[in-house]
Amino acid sequence: MPETDPNSDVGLAVRFDEAAVRLGGRTIWSGVNLKVDHGQFVAVLGPNGVGKSTLIKVVLGILPVAKGRVVVLGRPPGDAGRDIGYLPQRRNFDPSMRVRGIDVVRLGSDGDRWGLPIPGGSSFFASRRVQRQRVDEVIDLVGAGSFAHRPIGEVSGGEQQRLLIAQALVRHPRLLLLDEPLDSLDLPNQASVAGLISEISKEHGITVLIVAHDVNPIVSYLDGVVYMAQGGAVSGLPDQVITSETLSELYATPIEVLRTSDGRLVVVGQPEAPSHHVDRHTGHPH
Ligand SMILES: Nc1ncnc2c1ncn2[C@@H]1O[C@H](COP(=O)(O)OP(=O)(O)O)[C@@H](O)[C@H]1O
Ligand SMILES: [Mg+2]
């Protein structure tokens with residue numbers, strides 16, 4: 001596509017036009033529009049069950065859209081697989097798990113984790129030495145050097161997340177999809193992992209889509225947000241979308257957006273899914 005084409009997606013990492021997804025005979029969301037520029041750090045927010053993980057899986061190309069158009073790194077979803085690093089929504093590692101962190105990171109080198117083969121012409125990972133160097137490099141990048149040789153079941157939740165982010169980075173992705181990487185972390189770890197992800201995005205020009213349950217730990221780093229509600233979504237600049245008016249209207253419930261003295265936004269009264277939900281951080285029902 002020539003760069004003069006007004007409909008060119010060359011400048012965009014992810015683009016949704018009026019996209020809709022149906023699963024099990026039900027429309028999960030529809031009319032979703034999204035434009036993410038290269039190198040941006042963008043959050044996908046909203047209560048449990050609204051379809052955040054579904055959106056990530058559409059970008060990955062493992063779920064199809066029923067309507068609309070999706071373009072990922074200038075290609076149809078699924079064709080960009082080897083340029084995408086993906087951290088699925090979290091399962092905890094069993095404390096008895098003996099596999100070392102470095103071995104978990106190394107798994108990121110495998111070419112076809114999602115059945116997407118590395119083209120035969122690519123010889124980057126043909127060399128095991130180069131592969132080992134890259135594993136060491138990403139372990140350094142996420143600050144995991146001091147615990148990467150311990151069994152992953154023994155390190156803290158924050159340390160496990162750093163190792164999983166390293167795994168997602170091994171293949172030099174241009175786009176990083178992180179599904180609730182801050183889930184189950186305490187507040188200091190949420191802050192430090194959020195800062196790490198932002199730093200990686202900025203320093204290496206990697207586009208990041210991060211699914212989060214709570215906007216507050218990441219809001220200061222964000223270039224854009226997608227707020228999802230039952231059926232649809234609103235996306236745009238954080239200052240435009242994270243307002244009392246927009247969020248109260250989207251969720252049809254009073255939501256207050258406050259600004260702290262140091263200029264950060266705090267969202268109060270974020271809605272939960274209609275079904276019963278136990279807060280992951282406190283263990284108390286809402
Ligand atoms: N394969 C599937 N078939 C039918 N429904 C599904 C499937 N996967 C997810 N869903 C439903 O789609 C909705 C959105 O799920 P999900 O994207 O995981 O939400 P979130 O990540 O925002 O919590 C949920 O109601 C879920 O039950
Ligand atoms: Mg999810």
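A residue counts as exposed if 12 or fewer other C-beta atoms lie within 10 Å of its own, as buried if there are 20 or more, and as partly exposed in between. Keep that rule handy for the exercises below, and remember that the model is predicted.

**Exercise 1. Three residues, three environments**

Decide whether E18, D37 and L73 are buried, partly exposed or exposed, and place each one in the fold.

Solution.
- Step 1: Start with E18, which lies in strand β1. It has 12 C-beta neighbours inside 10 Å, so E18 counts as exposed.
- Step 2: Move on to D37, in strand β2 (residues 26-37). Here the count is 13 C-beta neighbours inside 10 Å, and therefore D37 is partly exposed.
- Step 3: Finish with L73, in the loop between β4 and β5 (84-87). L73 is buried because 22 C-beta neighbours fall inside 10 Å.
- Step 4: Now look at the backbone. E18 has a positive phi of about 50° without being a glycine, and L73, not a glycine either, has a positive phi of about 50°.
- Step 5: Relate D37 to its surroundings. Its C-alpha atom is 9.8 Å from that of L73, although the two residues are 36 apart along the chain. Leaving out residues up to four places away in sequence, D37 touches G11, L12 and A13.

**Exercise 2. A sheet and its helix**

Work out the strand order of the open sheet of three strands, then find which strands helix α1 touches.

Solution.
- Step 1: Trace the order, which is β2-β1-β4, with antiparallel pairing.
- Step 2: Find the edges. β2 and β4 (67-72) each have a single partner strand, so one side of each has no neighbour in the sheet.
- Step 3: Check the twist: on average, neighbouring strands of this sheet are turned by 20° against each other, direction ignored.
- Step 4: Zoom in on one pair. Strand β1 (residues 12-23) and β2 are joined in the antiparallel sense over eight bridges, and L23 stands opposite R26 in β2.
- Step 5: Add the helix. α1 (residues 52-60) packs on the sheet and touches β1, β2 and β4, its direction making about 120° with that of β1.
- Step 6: Ask how covered α1 is. Seven of its nine residues are buried, namely K52, L55, I56, K57, V58, V59 and L60.
- Step 7: Step just past the end of α1, where G61 takes a positive phi of about 90°.

**Exercise 3. Into the core**

Which members of the largest nonpolar core touch the most other members, and which helix gives the most to this core?

Solution.
- Step 1: Take the core as a whole. Among its 78 residues, A43, L177, L209 and Y227 touch the most other members.
- Step 2: Look for the main helical contributor, which is α4 (residues 157-169), with six residues.
- Step 3: Follow one member outward. Apart from its neighbours within four places in sequence, A43 is in contact with I210, A212, V215, I218, L222 and V225.

**Exercise 4. The overall picture**

How many helices and strands does the protein have, and what share of its residues is buried?

Solution.
- Step 1: Count the elements: seven helices and 11 strands.
- Step 2: Turn to burial, where buried residues account for 36% of the 286 residues.
- Step 3: Consider sequence separation. Of the contacts between residues at least 6 apart in sequence, 66% join residues at least 24 apart.

Note on methods
Residues numbered from 1 in each chain as written. Chains lettered and ligands numbered in written order. Predicted model: local features only at pLDDT ≥ 70, side-chain atom pairs only at ≥ 80, totals over all residues. Core = buried A, V, L, I, M, F, W, Y, C linked by C-beta atoms within 7 Å. Helix = DSSP H or I, 4+ residues; strand = E, 2+ residues; numbered from the N terminus. Contact = placed C-beta atoms within 7 Å. Pairing = 2+ DSSP bridges. Axes fitted to C-alpha atoms, helices over the stretch in contact; angles between N-to-C directions.
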